[in-house]
Amino acid sequence: MTTMTASTTRRAALGAILASGAASATAALPAHAAPESPALSAADRRVLDLWRRRATLIAFRERLSEQRDAAETQMPQWARSGLKYRLAKGEIDIPGTLDPYDVGWPEVADLDQQPVDVLGRIIARPNVEDLYDQFVKAKNGDRKQATHGFLQALLAHDERVKEQKAEQERTGYSRLIAREQAAADKMADLEDAIEKKTDISILALAAYMMILIRMDDEEDYVLRAFRASLAAIRPRLVGEIADDADRMLAQGGEARA
Amino acid sequence: MNAPLSQADERALALWDCWREQKERAEYLGESSRSREKADAAVDVLVAIEDLLQADIDSSVQALAAVLMIEGRDESVPGLYRAALSAIRPQLVGTIAEAAARALVQKAEMPHERARSPADRRDAVSCVSRVVAG
């Protein structure tokens, strides 16, 4: 038997909603509806509108992201996001030693004073939990000195974070982050609204499958089934959803070639 | 059935019949516990048939429907499979259309099959061979 993995709650919930009504929604649609077809149901027209708004929002978020990147370059290096770890002086860079993902914490001022771990790394951008972990390791030696060091590290961290926030305010980075968050919330609302229409609109079904394919959080065999399903219902799609389905299916074809 | 079926669709319909037959055999052998080896072999054949159907989902809507039903049997698989099956139902034919219709009216298990007498493994393997060769 094919081995299955646990699905996301969001996906499972969608499935339960879809199970009852998609068949009737499919049957109610014309086989080849034109983009401006008056035969489109109110639900389909609504989904097309939601999809257009989502496309606009995607473009807006891309612009915000570019502006945020530009604002970040105006900040000093230590205040920007960056790698959590650095190699201590003299250490050899072994692939996989340094976590490749950026973190948002500021870089410490006294890099040379930071403890070196067994992999030869120092935590350049620690959070409070990292500082506590360092204290726990250090207190096995001189506890009084370790406690003093922990207090100093906490105070220095707090001060550095305040300075970083000041830089973020100065460059407009904070404002852009807030706008990006608001846009992300709006995107989630739009996608939820599309999801809610999937029981009465084949356009919503196609749109939501495209969202899940784009998210790429599912197993390959699931995404492949979504893609094949999208291709199978493609003749019933209209407007921008049909155009985007074509693009997505073409990309899938190129990826497989 | 209006338009003539493609070779991939014809193959999918034949594989679907093989799959149903083999599924019952695998279940029978698994429940009867007569021979662990035979039961495992039956499941191997079942998986091989599923792989053959999987390979055709881009070229055959019948194969796609079969895969949606097979994978939809697992409760961890999204109900989106059912929705997709609903959406392509008008394009389905033959035993796959019948199975899809049954599956879509049943909430719990997909697909529900009536009990059959078990076929032996040799028949099941030759069934696959016929489909692949044909």
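Let's start with helix H4 of chain A, because this helix gives the most to the lining of the largest pocket, with eleven residues. Keep in mind that we are looking at a predicted model.

So, what is the volume of that largest pocket? About 810 Å³. Of the 33 residues lining this pocket, the closest to its centre are A:Gln114, A:Pro115, A:Leu131, A:Gln134 and A:Ala153. If you want to find the pocket on screen, look at strand E4 (121-123), helix H3 (128-138) and helix H4 (143-171) of chain A, the elements that each give two or more residues to the lining. And the chemistry of that lining? By class, there are 16 nonpolar, seven polar and ten charged residues.

Now let's step back to chain A as a whole. It has eight helices and four strands, and along the sequence they run α-α-β-β-β-β-α-α-α-α-α-α. Chain A has 257 residues, and 42% of them count as buried. Its exposed area is about 14300 Å², with carbon and sulfur atoms supplying 53% of that. Take the contacts in chain A between residues at least 6 apart in sequence: 66% of them join residues at least 24 apart.

Last stop: A:Ile233, in helix H7 (residues 220-233) of chain A. Is A:Ile233 buried or exposed? Its relative accessibility is 1%, under the 20% cut-off, so A:Ile233 counts as buried. Who is around it? Beyond its neighbours within four places in sequence, A:Ile233 is in contact with A:Ile202, A:Leu205, A:Ala206 and A:Met209, and also with B:Ala87 and B:Ile88 from chain B. A:Ile202 sits 31 residues away along the chain, yet the two C-alpha atoms are separated by 8.2 Å.

Technical notes:
Residues numbered from 1 in each chain as written. Chains lettered and ligands numbered in written order. Predicted model: local features only at pLDDT ≥ 70, side-chain atom pairs only at ≥ 80, totals over all residues. Heavy atoms only, no water. Buried < 20%, exposed > 50% of the residue type's maximum accessible area, 1.4 Å probe, protein only. Contact = heavy atoms within 4.5 Å. Areas by Shrake-Rupley, 256 points an atom, 1.4 Å probe, with all protein chains shown as cover. 1 Å grid on protein atoms, 1.4 Å probe; cavity = no way out; pocket = protein on both sides within 12 Å on 5 of 7 lines; lining within 4 Å. Points joined across faces, edges and corners; volume = space filled by probe spheres on them. Nonpolar A, V, L, I, M, F, W, Y, C, P; charged D, E, K, R; others polar.
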